[in-house]
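User: I'd like to go through this model one feature at a time. Can you take my questions as they come?

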Amino acid sequence: MGYSSVCHTILDHRYHLFWVPKYRFNVLHGEVRLRVREIIRQVCAEMGVTIVHGALSRDHVHMCVEIPSHVSVSDFMRRAKGRSSRKIHQEFEHIRKRYWGQRFWQRGHFSTTSARSQMTLSCAPRQTHGHKNGFSPAP
């Protein structure tokens, strides 16, 4: 992926993001996993965020993304976590029982920026743990 340009500016805003479900329960599997993946892809498409690499493990979400300059990392995380939490609570009864209080994700997230060489190393395919249902760049 190359640099993106907007008007008179050339950008390379890549972020390494990581967040977990509340209590770090192993709930990201099966239909819940597929639905979370789909919802986050929808949010990325709406906000113009490009997924460089991502993985869904049973107890965390790990993504490397390119975020446009007009979108803050906190706005992206707020929308991705908020929408996925709301939809998961609406669609899955067992999640609603386990996570009373309508909070699916743990408060906060981890984010960092890094150079292309460091980002390539941190987003290596070894992070997918052999799962075929992790994130991949949009088709």
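Analyst: Sure, what follows is a set of questions and answers on a predicted model.

User: Let's start with strand β5: how many of its residues are buried?

Analyst: In a regular strand the side chains alternate between the two faces of the sheet. For β5, one side carries Val61, Met63 and Val65, the other carries His62, Cys64 and Glu66, and both faces are covered. The strand runs over residues 61-66, and the number of buried residues is six of six.

User: Which residue in β5 is the bridge partner of Leu17?

Analyst: Strand β3 covers residues 14-19 and runs antiparallel to β5, with six bridges joining the two. Within β5, Leu17 has as its bridge partner Met63.

User: On the β4 side, which residue in β5 does Thr50 stand opposite?

Analyst: Strand β4 (residues 50-56) is also antiparallel to β5, again with six bridges. The two form a hairpin with four residues between them. Across from Thr50 in β5 you'll find Glu66.

User: Moving to salt bridges, how many does the count come to?

Analyst: A pair qualifies when a side-chain nitrogen of Lys or Arg is within 4 Å of a carboxyl oxygen of Asp or Glu. Glu46 and Arg83 make one such pair, at 2.9 Å from N to O. By this rule the total is eight.

User: How many residues apart are Glu46 and Arg83?

Analyst: Their side chains meet in a salt bridge. Glu46 sits in helix α1 and Arg83 in helix α2 (residues 73-91), and the pair links distant parts of the chain, with a separation of 37 residues.

User: Is Arg83 buried or exposed?

Analyst: The cut-off for buried is under 20% relative accessible area. Arg83 comes out at 18%, so it counts as buried.

User: What about Glu38 and Arg35: which helix do they lie in?

Analyst: These two side chains meet in a salt bridge at 3.1 Å, N to O. Glu38 is partly exposed at 38% relative accessible area, whereas Arg35 counts as buried at 16%. They are three residues apart, about one turn, and both lie in helix α1.

User: And what is the relative accessible area of Glu93, the salt-bridge partner of Arg96?

Analyst: Arg96 and Glu93 meet at 3.0 Å, N to O. Both belong to helix α3 (residues 93-98), three residues apart. Arg96 counts as partly exposed at 38%; Glu93 is partly exposed too, with a relative accessible area of 45%.

User: Which residues are joined into one network by salt bridges that share partners?

Analyst: One member is Glu66, a buried residue of β5. Salt bridges with shared partners tie together Asp12, Arg14 and Glu66.

User: Now backbone angles. Where does Tyr23 lie?

Analyst: Tyr23 has a phi near 65°, a positive value in a residue other than glycine. Its place is the loop between β3 and α1.

User: What is the phi of Arg24?

Analyst: Arg24 is in the loop between β3 and α1. It is partly exposed, with a relative accessible area of 40%. Its phi is also positive in a residue other than glycine, near 50°.

User: Last one: what is the volume of the largest pocket?

Analyst: The lining takes in 13 residues. Gly82, Ser85, Gln102, Arg103 and Phe104 are the closest to the pocket's centre. By class, the lining has three nonpolar, six polar and four charged residues. The volume is about 240 Å³.

Conventions. Residues numbered from 1 in each chain as written. Predicted model: local features only at pLDDT ≥ 70, side-chain atom pairs only at ≥ 80, totals over all residues. Heavy atoms only, no water. 1 Å grid on protein atoms, 1.4 Å probe; cavity = no way out; pocket = protein on both sides within 12 Å on 5 of 7 lines; lining within 4 Å. Points joined across faces, edges and corners; volume = space filled by probe spheres on them. Nonpolar A, V, L, I, M, F, W, Y, C, P; charged D, E, K, R; others polar. Buried < 20%, exposed > 50% of the residue type's maximum accessible area, 1.4 Å probe, protein only. Pairing = 2+ DSSP bridges.
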